[in-house]
Amino acid sequence: MAITKAVIPAAGLGTRFLPATKSTPKEMLPVVDKPAIQYVVEEAAAAGLDDVLMITGRSKRTLADHFDAVPELEAALAAKGDLERLAEVRRSSELADVHFVRQGQPKGLGHAVLCAKRHVGDEPFAVLLGDDLIDPRDPLLTEMIALQAERGGSVIALLEVEPDQIHLYGCAAVEPIDGAPTDHVRVTALVEKPDAADAPSNLAIIGRYLLDPAVFRVLEHTAPGRGGEIQLTDALATLASMPAEQGGGVTGVVFRGRRYDTGDRLDYLKAVVRIAVDRPDLGPDLRSWLREFVTTL
């Protein structure tokens, strides 16, 4: 079954970015001149996922506003002849068919995904986390969709990290797949944020998933795990041990492309700079300024 639906959990409080996120959702923090969440929706749409469900919470109304039309602003830009900005304003409301549902209580990523059950129904779907921005020149989702179409089950994105960083991520134990590229692997076990000494590999789960709808049945019976939350990693571990005819099986794509982490303040600043220096309208002047600035440190 073709995958057309994407779920974007966006109910977090954004405490790492306080006080900026006291009244502004962290997903709306700008990365150069677009909110972070727009990059994620653009990625989904580019991969053919034009039905997007955002899982939100209180004080997240600006997310819906951003993906809605703004006739007054559009009319003002049109009257000024500012067609470039008019196109950008319209772009956010034309990217995809965006829906919203509230999580209600912060019970973890697994619970947020479970909130999408009614909307998704009995078909495979994607989950995209807003803290991970994937460069459009490296179409990770497209590769994952092709792998899921070939092998079924669920597919997760993996990234090699330094062993002393693995405790920050879910971690996967993997084995090769006969006849497959080396960056396509079979996932045999998963553990959420293990100590370095207990980690089965240095392959971290990053925020892109393609999930079989069997994940909903599993999540409904997944007990709270690390941090007292319902962990998606725990549900994936169960899926990895289930037979294919029951929706089980998990494969992974080891991603070696460009990824921008906006999960904490320093990584967010790095992401802004890295994206800006690649922009044709900003990059040349910014690179020149950066070279001069670095010499003064």
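## A first look at this predicted protein chain

D65 is partly exposed, with a relative accessible area of 48%. Here, buried means under 20% relative accessible area, exposed means over 50%, and partly exposed covers the range in between, using a 1.4 Å probe and protein chains only. This is a predicted model, in which local features need pLDDT of at least 70 and side-chain atom pairs count only at pLDDT 80 or more, while totals for chains, interfaces and linings use all residues. Residues are numbered from 1 along each chain as its sequence is written, and side-chain values use heavy atoms, with hydrogens and water left out.

D65 belongs to helix α2. From D65 to S93 there are 28 residues in sequence, and their C-alpha atoms lie 9.2 Å apart in space.

**The whole chain**

Let us step back for the overall picture. The protein chain has 11 helices and 13 strands; these are DSSP runs numbered from the N terminus, with helices being H or I of at least four residues and strands being E of at least two. Along the principal axes, the C-alpha atoms fill a box of roughly 60 × 50 × 40 Å. The radius of gyration is 20 Å, which agrees with the value near 19 Å for a compact globule of 297 residues. That radius is taken over C-alpha atoms, and the globule rule is 2.2 Å times the number of residues to the power 0.38.

How much of the chain is buried? Of the 297 residues, 48% count as buried. The chain exposes about 15200 Å², and carbon and sulfur atoms supply 52% of that area, as found by the Shrake-Rupley method with a 1.4 Å probe. Contact means heavy atoms within 4.5 Å. Among contacts between residues at least 6 apart in sequence, 76% join residues at least 24 apart.

The chain carries 32 positive and 44 negative charges, and their mean positions are 5 Å apart. Lys and Arg count as positive and Asp and Glu as negative, leaving out His and the chain ends; each charge is placed at NZ of Lys, CZ of Arg, CG of Asp or CD of Glu.

**Covered places**

Helix α1 (residues 36–46) is mostly covered, with 9 of its 11 residues buried. Among them are I37, Y39, V40 and V41, along with Q38, E42 and E43. After α1 comes G48, whose phi is positive, near 90°.

Strand β12 (residues 250–254) holds T251, which is buried at a relative accessible area of 8%. What does T251 contact, leaving aside neighbours within four places in sequence? Its partners are L147, R151, S154, V155, I156, I177, V185, R186 and V187.

The cysteines C115 and C171 appear in the table below, and the disulfide count for this model comes to 0, where a disulfide is a pair of cysteine sulfur atoms within 2.5 Å.

| Residue | Relative accessible area | Class |
|---|---|---|
| C115 | 23% | partly exposed |
| C171 | 0% | buried |
| S59 | 53% | exposed |
| K193 | 33% | partly exposed |
| R102 | 45% | partly exposed |
| D234 | 24% | partly exposed |

**Backbone details in the loops**

Some loops hold backbone features to look for. L18 and P19 are joined by a cis peptide bond, with omega about 5°, and P19 sits in the loop between β1 (5–9) and β2 (30–31). S59 has a positive phi near 60° although the residue is not glycine; S59 is in the loop between β4 (51–56) and α2 (61–66). K193, also not a glycine, has a positive phi near 45°, and K193 lies in the loop between β10 (184–192) and β11 (203–211).

**Two charged residues and their surroundings**

R102 is part of strand β5 (residues 97–102). Which residues does R102 touch, not counting those up to four places away in sequence? They are T56, G57, R58 and R61. The C-alpha atoms of R102 and L290 are separated by 42 Å, with these positions 188 residues apart along the chain numbering.

D234 is found in helix α9 (residues 232–241). Beyond its neighbours within four places in sequence, D234 is in contact with T222 and G225. D234 and G249 are 15 residues apart in sequence, and the distance from C-alpha to C-alpha is 14 Å.
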